[in-house]
Amino acid sequence: MSSFSENLKRMRKENGMSQQKLAQAVGVTQQCVSEWEKENIEPTLSNLCELADTFDVSIDYLVGRKDY
């Protein structure tokens, strides 16, 4: 099972998004996305919902609880 930070970075790259573009889509700063990817901070529940919607995946998948 992969971690949230690994999943986030992989999905961001698979979708051709920069950290800045993802940040704008979710309503946070680029630095926030960077910190999530480095596992320095964790997203809020509302951020997780925005990320899951952006990538059209479940929160469980995003945080590494399910492989599908």
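This is a guided tour of the structure, given as a series of selections to make in the viewer.

**The whole chain**

Begin with the entire protein on display, bearing in mind that the model is predicted. Colour the chain by secondary structure: five helices and zero strands appear. Followed from the N terminus, the elements read α-α-α-α-α. The radius of gyration is 11 Å, close to the 11 Å that the globule rule gives for 68 residues, so the protein is as compact as a globular protein of that length. Rotate the C-alpha trace along its principal axes, where the spans are about 25 × 25 × 20 Å.

Next, show the surface. The protein exposes about 4,300 Å², and carbon and sulfur atoms supply 45% of that area. Of the 68 residues, 38% count as buried. Among contacts with a separation of 6 or more, 54% are made by residues 24 or more positions apart. Colouring by charge brings up 8 positive and 11 negative side chains; the centres of these two sets lie 5 Å apart.

**Helix α1 and R12**

Select helix α1, residues 4-14, and then R12 within that helix. Is R12 buried or exposed? R12 has a relative accessible area of 8%, under the 20% limit, so R12 counts as buried. Now display what surrounds this side chain. Leaving aside residues up to four places away in sequence, R12 touches M17, S18, Q19, L22, E37 and F55.

**Helix α2**

Move on to α2, residues 19-26. Select Q19, L22, A23 and V26, which are buried in this helix. Looking down the axis of α2, one finds these buried residues within an arc of 100°, so they line one face of the helix. An α-helix has 3.6 residues a turn, so residues three or four places apart point the same way. Two residues of this set, Q19 and L22, were met above as contacts of R12. To see what covers the buried residues of α2, add other helices to the view, including α1, α3 and α4. Then step to G27, which follows α2 and has a positive phi, near 90°.

**Helix α4**

Select α4, residues 45-55. Which residues of this helix are buried? They are N47, L48, L51, A52 and F55. Turn the view to look along the axis of α4: the buried residues fall within an arc of 135°, so they line one face of the helix. Keep these side chains on display and bring in α1, α2, α3 (30-37) and α5 (59-62), against which the buried residues of α4 pack. F55 also appears among the residues that R12 touches.

**Two loop residues with positive phi**

Continue to the loop between α3 and α4 and select E39. Although E39 is not a glycine, its phi is positive, about 60°. The relative accessibility of E39 is 55%, over the 50% limit, so E39 counts as exposed.

The last stop is D56, in the loop between α4 and α5. This residue follows α4. D56 is likewise not a glycine, and has a positive phi of about 55°. What is the relative accessible area of D56? The value is 71%, and D56 is exposed.

Key:
Residues are numbered from 1 along each chain as its sequence is written. This is a predicted model: local features need pLDDT of at least 70, side-chain atom pairs count only at pLDDT 80 or more; totals for chains, interfaces and linings use all residues. Side-chain values use heavy atoms; hydrogens and water are left out. Helices (H or I, at least four residues) and strands (E, at least two) are DSSP runs, numbered from the N terminus. The radius of gyration is taken over C-alpha atoms; the globule rule is 2.2 Å times the number of residues to the power 0.38. Buried means under 20% relative accessible area, exposed over 50%, partly exposed in between (1.4 Å probe, protein chains only). Contact means heavy atoms within 4.5 Å. Accessible areas come from the Shrake-Rupley method with a 1.4 Å probe; for residues, only the protein chains shown count as cover. Lys and Arg count as positive and Asp and Glu as negative; His and the chain ends are not counted. The place of a charge is taken as NZ of Lys, CZ of Arg, CG of Asp or CD of Glu. The arc is that of the directions from the helix axis to the C-beta atoms.
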